[in-house]
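Here are a few exercises to work through with the model open in your viewer. Try each task before you read the solution below it.

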Number of protein chains: 2
Amino acid sequence: MKVGVIGLGTMGMGAAVNLVKKGHRVTGCDLRPAVREALAAAGGAAVERPDALPADLDALLVLVVNAAQEQEVLFGAEGCVPRLPQGAVVICSTTVAPEAARGLERQLTAAGLLMLDAPVSGGRAGADAGTMTVMGSGAPAAFDRAAPVLEAIAAKVWRLGDAAGIGSTVKMVNQLLAGVHIAVAAEALALGIRAGADPQTLYDVICTSAGSSWMWQNRVPHILAGDDTPLSAVNIFVKDLGIVLDQARALAFPAPIAATAHQLFLGAAALGNGAKDDAFVIRVWEALTGIALPGQT
Amino acid sequence: MKVGVIGLGTMGMGAAVNLVKKGHRVTGCDLRPAVREALAAAGGAAVERPDALPADLDALLVLVVNAAQEQEVLFGAEGCVPRLPQGAVVICSTTVAPEAARGLERQLTAAGLLMLDAPVSGGRAGADAGTMTVMGSGAPAAFDRAAPVLEAIAAKVWRLGDAAGIGSTVKMVNQLLAGVHIAVAAEALALGIRAGADPQTLYDVICTSAGSSWMWQNRVPHILAGDDTPLSAVNIFVKDLGIVLDQARALAFPAPIAATAHQLFLGAAALGNGAKDDAFVIRVWEALTGIALPGQT
């Protein structure tokens, strides 16, 4: 298939390279020359502007930062929708509010295109390995058209409903849990350090106890290594918990734990850690209590 | 060995029965006739008062509700410490504040006894199967003397230090994570329900995604089944997060996520769910937002 990929960040680049490996003709789109060159080196083509994408794409995968960017690359002044052939499928994998996904489905349907609400989970490791989880919803025809693309990038594709919205709802719930689990991992590890526990031992014990989580096992090692290189950044959870709280507010739904965790990610960003690895939300407690984090000289 | 077990609740009964199975001579102690009879039927002996325990015990396992009960059964008017032989080991597996564990070690050492700070994790399933995790600290002589008992009740014994306190510190951190993970599982599931997701599908998707936790996988099925029979009760986390917050306050350590989760367990207790299964902290959102919980008629 001829596939376009807009947004060659961590997730988009992993998806694009796996699509190349599976034999698809891939054209990436990103403002940054370095990532365009990286995709070209991996066997794909790459363009700077969405309106420079090929005019004969079968599928377009969109993995940008937020709903505003989605609107821009699809319907903006340089947007690619006017170039897409009728019946092509637009796979929207950006994390957005369910209402934004429903609105996009209306717009794309009106333009004669298929739309899949298809947020993904799995992080850099899942993207690189082509083993992401897709939380998908949309018309059966959209799933059918998108199938070869999803097969190349995901180990598991959930079909959660016949219209956009429910895929993004499930992703939102996942991000609520993921964000809170990272923030509470930091709170708990920081308290343990303050109370005199050895961080590595504490990590090992909790990994085999009822207090464990996917995020505890995945993120605490970043803190133990003192490595704040962003695999996923603090600012991603400033954004994603923001989406959760906006959506909860729209539903008049109180989410006090998510709201507290959001404040802590905002605190970490305020301390200058917005672009650092999300586990370094623990710097809030470092700043407040003076604890010594592991791996710091 | 001759082993006493004070407190034949969920965890204590499981431990006592496993000690019987491994060939130890076990005497349980509990105020409730029904659990005394259950232990007798399983091959143990049982007494009502701590000062009626045999005078020749090698080891005493204490699994009561809190530090005050620990003091009462050991040093109160009917306490058993005066009857224990010099050099016997007291295995304190109640969840208590680290400072309480350190104080108990001083008292028991002064009485010529060995003390192990040995809180446990694993729930009813682990207690019944003899596969609990012990987060232990204490003198090497206490570990040596307690070894046959720990072997009978636990799959994993952590040796976290040579004095009481660090075992309870690690347990406290585990309870912080466990309590928050239950409360946020409820918050996230409730939001998903409010936003239109199918609860069972949401559970299945999150189980294989980055938002998963040990507690999500273990507790959400109780909510899906509509079964509020307490495996572990709301009031346990009212107590245990209370210990976490008391200890954090004593250290001048802010723990905003734990504090928020504690308020939610208090809310569930205020609604009359204190003795119900801890997953039914979700009734706070049921009461606030009117969502329909699964399995309710």
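**Exercise 1. Find out how many salt bridges and how many polar contacts link chain B and chain A.**

Start with the charged pairs. In this predicted model, the rule finds zero salt bridges across the interface of chain B and chain A. Remember the cut-off here: a side-chain nitrogen of Lys or Arg has to sit within 4 Å of a carboxyl oxygen of Asp or Glu.

Next, go to polar contacts. Here the rule turns up 13 residue pairs across the interface, both partners at pLDDT 80 or more.

Now check which residue classes are on hand. The side of chain B that touches chain A has 39 nonpolar, 15 polar and three charged residues.

**Exercise 2. Work out how much area chain B and chain A bury between them, and which residues of chain B supply the most.**

A quick reminder before the numbers: interface size is often quoted as the accessible area lost when the parts come together.

For this pair, the buried area is about 4,900 Å², with 77% of it on carbon and sulfur atoms. On the chain B side, B:Leu191, B:Phe253 and B:Ile257 supply 14% of the area buried against chain A, more than any other three residues.

Then count residues: 57 of chain B are in contact with 57 of chain A.

Last, sort the chain B side by element. Those giving two or more residues are β8 (132-138), α7 (166-194), α8 (199-207), α9 (214-224), α10 (234-250), α11 (256-273) and α12 (283-289) of chain B. Of these, α7(B) gives the most, with 20 residues.

**Exercise 3. Classify the packing of α8(B) and α9(B): roughly parallel or roughly antiparallel?**

Get the geometry first. The two axes lie 11 Å apart, at an angle of about 175°. Anything over 145 degrees counts as roughly antiparallel, so α8(B) is roughly antiparallel to α9(B).

Now list who meets whom. From α8(B) come B:Pro199, B:Gln200, B:Leu202, B:Tyr203, B:Ile206 and B:Cys207, and they meet B:Trp216, B:Gln217, B:Val220, B:Pro221 and B:Leu224 of α9(B). By class, that gives nine nonpolar, two polar and no charged residues.

**Exercise 4. Do the same for α1 and α6 of chain A.**

Helix α1 (residues 10-21) and helix α6 (residues 140-153) of chain A have axes that come within 8 Å and cross at roughly 110°. The window for roughly perpendicular is 65 to 115 degrees, so α1(A) is roughly perpendicular to α6(A).

The contact uses A:Ala15, A:Asn18 and A:Leu19 from α1(A), and A:Val149, A:Ala152 and A:Ile153 from α6(A). Sorted by class, this contact has five nonpolar residues, one polar and no charged.

Terms used. Residues are numbered from 1 along each chain as its sequence is written. Chains are lettered from A and ligands numbered from 1 in the order in which they are written. This is a predicted model: local features need pLDDT of at least 70, side-chain atom pairs count only at pLDDT 80 or more; totals for chains, interfaces and linings use all residues. Side-chain values use heavy atoms; hydrogens and water are left out. Axes are lines fitted to C-alpha atoms, for helices over the stretch in contact, and angles run from 0 to 180 degrees between N-to-C directions. Helices (H or I, at least four residues) and strands (E, at least two) are DSSP runs, numbered from the N terminus. Angles under 35 degrees count as roughly parallel, over 145 as roughly antiparallel, 65 to 115 as roughly perpendicular and the rest as oblique. Contact means heavy atoms within 4.5 Å. Ala, Val, Leu, Ile, Met, Phe, Trp, Tyr, Cys and Pro count as nonpolar, Asp, Glu, Lys and Arg as charged, and the others, Gly among them, as polar. Buried area is the accessible area (1.4 Å probe) that two parts lose on being put together, summed over both. A polar contact is a pair of N or O atoms within 3.5 Å; within protein, one must be able to donate a hydrogen and the other to accept it, and residues adjacent in sequence count only if both atoms are side-chain atoms.
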